[in-house]
Each structure stands twice: as structure tokens, then as C-alpha cells.
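Please open the model in your viewer and keep the sequence panel beside it, since this tour moves from one selection to the next.

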Amino acid sequence: MGGSGSKTKGYWPFAGSGSGDGDPTKEGVDEQSLARLRSFRNGTPFVFTRWSSLYFDEDGDLAHEFYEETVVMKNGRRRAKLKKIQKNLIPQGTIKLDHPCIHVDFPVVLCEV
């Protein structure tokens, strides 16, 4: 679990400098990571939308997974099996969250007082 963080190198201001003073203007931090950091400070730490994990099938039904019942003959007996449908599924797309969440890459430690 927890693999949803930023995978970009140099995102944190102290990512490559090796010095403990935290000055982002020292060598080791490139301009791209500084621009990313500045834009993040001006943005909001909240996430209002997310990508849905649900899909629509051909009939318009909405679910995580779809199965089709197939009849298989085994040793002269009819047996029903479920076959997973993976074709002709349309993702639901971006959905709005009911309550905003804090972004995983927000560089501040939150604690309860």
C-alpha cells in the first residue's frame, strides 16, 4: 500500500543537495524541481476529483468487474462457469469527491494537537 506518491526525482527541496541547511538555491537542485516546488506552494493541497475505478458495459451497467455465465460440458455434465469480460468496457472517468482530500505529495507533516 501507499504507492500513490510522486515518482518524480527532485520534487523535495532537499532531494539532491546533500547539505542539511534546506536552501533550495544550492547546487544539486535543478531549475525544474524548483519550478515544480513554487507552483505547488501557490496551488491548493486539496484534491477535489479522482479517477474512478468503475466501468460501464454495453448495457450501461456500472461496476468494477463484469462476468458472463457460460455453460461448459465436462464428463457429460453441464456446468456453469463465470467468464470475466474485459472487452467493450468504458471507464467512468473523473469523478468529483464528496469531501476534499489532502494530496499525497503535500510536503507538510500534519499532526493533531
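In which loop is the place of Gln92? Select Gln92 in this predicted model, and you will find that residue in the loop between strand E6, residues 90-91, and strand E7, residues 94-102. With the surface switched on, Gln92 counts as partly exposed because its relative accessibility is 29%, a value that lies between the limits of 20% for buried and 50% for exposed residues. Next, display the residues around Gln92: leaving aside those up to four places away in sequence, Gln92 touches Ser52, Leu54, Tyr55, Phe56 and Leu62. If you then add Ala63 to the selection and draw a line between the two C-alpha atoms, the separation from Gln92 is 9.5 Å, although these residues are 29 positions apart along the chain.

Now zoom out to the whole protein and colour it by secondary structure, which shows one helix and seven strands, running from the N terminus in the order α-β-β-β-β-β-β-β. Of the contacts in the protein with a separation of 6 or more, 56% are between residues 24 or more positions apart. Colouring by accessibility instead, you will see that buried residues make up 13% of the 113 residues, while the accessible surface comes to about 9,800 Å², with 53% of that area belonging to carbon and sulfur atoms.

The next stop is a charged pair, so select Glu65 and Lys84, whose side chains meet in a salt bridge with an N to O distance of 3.5 Å, inside the cut-off of 4 Å. This pair links distant parts of the chain, as Glu65 sits in the loop between strand E3 (62-63) and strand E4 (66-74), whereas Lys84 belongs to strand E5 (residues 77-85), 19 residues away. Both partners can be checked on the surface: Glu65 counts as partly exposed at 42% relative accessibility, and Lys84 likewise counts as partly exposed at 40%. By the rule applied here, the count of salt bridges comes to one.

Finally, select Lys74, Arg77, Arg79 and Lys81, which together form a positive surface patch. Which strand gives the most to the positive patch? Strand E5 does, with three residues, while Lys74 is found in strand E4.

Definitions and conventions: Residues numbered from 1 in each chain as written. Predicted model: local features only at pLDDT ≥ 70, side-chain atom pairs only at ≥ 80, totals over all residues. Heavy atoms only, no water. Helix = DSSP H or I, 4+ residues; strand = E, 2+ residues; numbered from the N terminus. Buried < 20%, exposed > 50% of the residue type's maximum accessible area, 1.4 Å probe, protein only. Patch = residues over 30% accessible without salt bridge, like charges linked within 9 Å, V, L, I, M, F, W, Y side chains within 5 Å. Areas by Shrake-Rupley, 256 points an atom, 1.4 Å probe, with all protein chains shown as cover. Lys, Arg positive; Asp, Glu negative; His and termini not counted. Charge placed at Lys NZ, Arg CZ, Asp CG, Glu CD. Contact = heavy atoms within 4.5 Å.
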